[in-house]
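Me: I should like to learn how the terms used for a protein model are justified. Please set each value against its definition.

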Amino acid sequence: MMETGELRGARAELIAAANDPGLWAGRHQPLQGAAHAASVLVLFGRLDGVPARSDELTVAADLDVLLQRRAATLRSHPGQVSFPGGRREAGDADAVATALREAEEETGLDPAGVEVLATLRELPLAVSNHLVTPVLGWWRTPSRVAAVDHAETVEVFRVPVAQLLDPSIRCTSTITRAGRTWKGPAFDIDGTVVWGFTAIVLDALFDATGWTVPWDRSVERPVTV
């Protein structure tokens, strides 16, 4: 296997980002008491769905990432855009098993087509008191996806990474609870604001891969839940 520094292409850059010890620097939220274990699948694939001739030729402009919109009736994170994923169950062997099982249940994807690149370090999600493990995936063989259970997921979509990197859609989300205001990275995708945990993970990965295009963090968008 080649050393990380010799690898080329988006897949290699994602693997290098996963090994960056500063990936979550400044992005932690304190948890209160015992937290629930959960996993999400952060799945990147070829934008056109056609396998690249080699990984080295696949760059950020050729990629998309799989996202979904949660049902507005859910008690946890209603209506938000998220990665497929959920709480670990007793039968799950590990964080990867949780992420793939949840992704299949929510989007209908075929786990056999997913190459797991890395299991990232756990990231606290304070608002629902979960300790979430992002599982970084590469969609070797894309399969059809759609919302499976509309009581949980109302929409599944693949977003071009190039669109997410566009400085004109990037902003800082603000949310105020109990007299306190929290700020974080956000993406405005045709009027749909991606914020919170999902935006934090994407923002961190884009920074660590070197894909980030400078954007104006002073542009703020209030969000409500």
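Me: What stands opposite Arg69 in β3?

Reply: Val81 in β3 stands opposite Arg69. This is a predicted model, in which local features need pLDDT of at least 70 and side-chain atom pairs count only at pLDDT 80 or more, while totals for chains, interfaces and linings use all residues. Residues are numbered from 1 along each chain as its sequence is written, and side-chain values use heavy atoms, with hydrogens and water left out.

Me: What makes β2 and strand β3 a pair?

Reply: Two strands pair if DSSP finds at least two bridges between them. β2 and β3 (residues 81–82) are joined by 2 bridges in the antiparallel sense, so the definition is met. Strands themselves are DSSP runs (E, at least two residues), as helices are (H or I, at least four), numbered from the N terminus.

Me: Which residue of β8 stands opposite Arg69, and how many bridges join β2 to β8?

Reply: Glu155 in β8 stands opposite Arg69. Strand β8 (residues 153–160) runs antiparallel to β2, with 7 bridges. Strand β1 (residues 36–46) also pairs with β2 in the antiparallel sense, over 3 bridges; there, Gly45 has Asp64 as its bridge partner.

Me: Why is β2 described as largely enclosed?

Reply: Of the 8 residues of strand β2 (residues 63–70), 7 are buried, so the rest of the structure largely encloses this strand. Buried means under 20% relative accessible area, exposed over 50%, and partly exposed in between (1.4 Å probe, protein chains only).

Me: Why is Asp64 called buried and Arg158 partly exposed?

Reply: Asp64 has a relative accessible area of 2%, and therefore counts as buried. Arg158 has 28% relative accessibility, and therefore counts as partly exposed.

Me: How do you know that Asp64 forms a salt bridge with Arg158?

Reply: A salt bridge is a side-chain nitrogen of Lys or Arg within 4 Å of a carboxyl oxygen of Asp or Glu. The closest N and O atoms of Asp64 and Arg158 are 2.9 Å apart, so the pair qualifies. Asp64 lies in strand β2 and Arg158 in strand β8, so the salt bridge ties together parts that are 94 residues apart in sequence.

Me: Is Glu106 buried or exposed, and which residues does Glu106 contact?

Reply: With a relative accessible area of 6%, Glu106 is therefore buried. Glu106 belongs to helix α2 (residues 95–107). Beyond its neighbours within four places in sequence, Glu106 is in contact (heavy atoms within 4.5 Å) with residues including Gln68, Pro84 and Thr153.
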